[in-house]
Amino acid sequence: MASVAVIMVDPEQSEKRLKHDSVALAEEIDKGSMCDEIVGSSGALQKVLSHVSKVAPTDATVLVTGETGTGKELVARAIHRRSRRSSRAFVSVNCAAIPRDLIASELFGHEKGSFTGALQRRLGRFELAEGGTIFLDEVGELPLGTQIALLRVLQEHEFERVGGTRSIRTNVRVVAATNRNLQAAIAAGTFRSDLFYRLNVFPIDMPPLRERREDIPVLVEYFVDHCARKVGKNIQGITKESLDLLRSYPWPGNIRELQNVIERSVIMCETENFSVDKTWLARQPLATEPKIPLSEKLAAQEKEMIEAALSESRGQVFGPSGAAAIVGMPRSTVEPKIRSLKINKNRFKSCAYTLVVETS
Ligand SMILES: Nc1ncnc2c1ncn2[C@@H]1O[C@H](COP(=O)(O)OP(=O)(O)OP(=O)(O)O)[C@@H](O)[C@H]1O
Ligand SMILES: [Mg+2]
């Protein structure tokens with residue numbers, strides 16, 4: 001199987017090209033499948049890639065976090081391709097897309113007659129991935145009962161099919177991903193903390209595109225080139241105005257959104273110079289976004305910090321392990337802040353790290 005191509009483009013070179021009104025599209029861009037390559041040269045992406053190459057050859061469980069469209073699945077595939085398991089299956093499961101009452105059977109299979117409609121034995125995704133890698137996308141959506149079964153797979157490397165009595169040994173590497181805050185899900189009792197620690201052996205956090213804007217020009221070149229080939233168009237450059245627009249937009253949908261905007265623009269493009277219609281960008285560029293006053297930003301940060309400390313101290317403000325000690329402020333400062341920031345400290349007293357056991 002082909003290895004993952006990582007296209008590194010010299011940011012200085014890219015920057016120089018952007019000085020011109022019309023930018024020549026790089027010829028050297030790989031012509032392979034769009035799904036395989038991780039494009040970009042920013043420090044943040046390089047850090048991710050260095051973690052990928054370190055963890056890939058091991059069998060460690062990886063938890064990839066990050067906003068939607070940041071490349072979590074791309075990274076999961078890269079880990080598989082660079083692992084000793086690369087010649088075996090990579091099985092991807094979107095836990096959010098499978099009805100909750102079917103997810104256990106989907107992952108672990110079922111025996112004939114185990115539930116209405118189970119007309120014959122069916123292998124689950126773990127059995128299909130034997131020897132390879134399973135990618136559990138949106139892992140935060142797993143129901144609690146299935147979380148327990150997954151924990152058993154990670155700890156004891158075995159599971160049972162739904163309706164079965166025999167334990168099945170498994171040799172599958174787990175890479176999981178989520179765009180949800182699993183710590184918050186743990187605090188809310190919807191995600192098991194023991195499973196979180198088992199999954200989080202090696203965390204990889206995908207930075208949002210707005211925090212690695214240096215990657216935008218090379219991604220634009222890459223996607224324009226790819227889409228133009230697909231639709232049989234000859235696009236030679238991009239207007240500076242369009243590139244500036246693409247670079248200043250905050251990209252809430254990250255790289256997927258960029259890819260879609262470019263595909264649409266290439267289809268519409270009638271000249272050799274590529275341009276983007278600004279009305280296609282869902283949000284206004286950063287420059288015109290309303291400015292949040294600094295005092296509001298600081299208050300929000302302070303609130304987040306105190307709430308995190310209260311969560312750790314389970315609502316306790318003072319004492320050696322209280323929230324005041326955690327944030328390094330005197331109690332006499334923290335208590336008035338709790339009141340002025342309207343923090344309900346009681347909310348942290350009961351539910352932190354409590355596990356709710358599913359009854360159905
Ligand atoms: N660095 C990159 N270089 C090239 N293509 C990329 C890059 N990052 C993401 N993509 C492309 O962007 C799209 C979204 O990536 P991916 O599906 O991996 O995101 P995700 O984080 O799993 O999103 P979601 O949370 O919505 O599932 C894919 O088509 C992927 O190939
Ligand atoms: Mg995904």
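Let's start at the ligand: an oxygen atom of ligand 1 sits 3.1 Å from a polar backbone atom of Glu73. Keep in mind as we go that this is a predicted model. Another oxygen contact involves a side chain rather than the backbone: a polar side-chain atom of Arg256 is 2.9 Å from an oxygen atom of ligand 1. On the nitrogen side, a polar backbone atom of Glu37 lies 3.5 Å from a nitrogen atom of the ligand. How much of ligand 1's accessible area does the protein cover? On its own the ligand has 630 Å² of accessible area, and the protein covers 88% of that. There are 19 residues around ligand 1, and those that come nearest are Val39, Thr68, Gly69, Lys72 and Arg256.

Arg256 makes a handy bridge to the next stop, helix α11, which runs over residues 254-268. Look at one end of that range and you'll find Asn254, which belongs to α11. Asn254 isn't a glycine, yet its phi is positive, at about 55°. That's worth a glance, because most residues other than glycine have a negative phi. Is Asn254 buried or exposed? It counts as buried, since its relative accessibility is 0%.

At the other end of the range is Met268, also in α11. Here the setting is the opposite of buried: Met268 has 53% relative accessibility, and because the cut-off for exposed is over 50%, it counts as exposed. Met268 joins Val231 and Ile267 in a nonpolar surface patch of about 280 Å².

While we're on backbone angles, jump to Lys342. This residue, again not a glycine, has a positive phi near 55°. Lys342 sits in the loop between α14 (331-340) and α15 (347-351). With 71% relative accessibility, Lys342 counts as exposed, whereas Asn254 counts as buried at 0%.

Now go inside. The largest nonpolar core has 30 residues, and the ones touching the most other members are Leu107, Phe126, Ile134, Leu136 and Val139. Helices and strands both feed into this core: two or more residues come from each of β4 (90-94), α4 (103-108), β5 (133-137), α6 (144-156), β8 (173-178), α7 (182-187) and α8 (193-199). Which element gives the largest share? That would be α6, with four residues.

Helix α6 has a polar story too. Gln147 is found in this helix, and it is buried because its relative accessible area is 0%. So what does the Gln147 side chain meet? One of its polar atoms lies 2.8 Å from the backbone nitrogen of Arg192.

On to the charges. Searching the whole structure turns up 21 salt bridges. Take Asp59 and Arg85: their closest N and O atoms are 2.9 Å apart. Asp59 lies in the loop between α2 (43-55) and β3 (62-65), and Arg85 in the loop between α3 (72-81) and β4, so this salt bridge ties together parts that are 26 residues apart in sequence. The two partners differ in their surroundings: Asp59 is partly exposed at 43% relative accessible area, while Arg85 is buried at 8%.

Another salt bridge pairs Arg152 with Glu158, and the closest N and O atoms there are 3.1 Å apart. Arg152 is partly exposed, with a relative accessible area of 24%. This pair doesn't stand alone, though: a network of salt bridges links Arg152, Glu156, Glu158, Glu160 and Arg169. For a contrast, turn to Arg212 and Asp215, whose side chains form a salt bridge with an N to O distance of 3.7 Å. Both Arg212 and Asp215 are buried.

One last stop takes us back toward the start of the chain. Ser42 sits in the loop between β2 (38-39) and α2. At 2% relative accessibility, Ser42 counts as buried. Where does Ser42 stand relative to Glu211? The two are 169 residues apart along the chain, but their C-alpha atoms are separated by 9.4 Å.

Technical notes
Residues are numbered from 1 along each chain as its sequence is written. Chains are lettered from A and ligands numbered from 1 in the order in which they are written. This is a predicted model: local features need pLDDT of at least 70, side-chain atom pairs count only at pLDDT 80 or more; totals for chains, interfaces and linings use all residues. Side-chain values use heavy atoms; hydrogens and water are left out. Patches are made of residues with over 30% relative accessible area and no salt bridge: like charges are joined within 9 Å, nonpolar side chains (Val, Leu, Ile, Met, Phe, Trp, Tyr) within 5 Å. Accessible areas come from the Shrake-Rupley method with a 1.4 Å probe; for residues, only the protein chains shown count as cover. A salt bridge is a side-chain nitrogen of Lys or Arg within 4 Å of a carboxyl oxygen of Asp or Glu. Buried means under 20% relative accessible area, exposed over 50%, partly exposed in between (1.4 Å probe, protein chains only). A residue is near a molecule or strand if one of its heavy atoms lies within 4 Å of it. A polar contact is a pair of N or O atoms within 3.5 Å; within protein, one must be able to donate a hydrogen and the other to accept it, and residues adjacent in sequence count only if both atoms are side-chain atoms. A nonpolar core is a set of buried Ala, Val, Leu, Ile, Met, Phe, Trp, Tyr and Cys residues joined through side-chain atoms within 4.5 Å.
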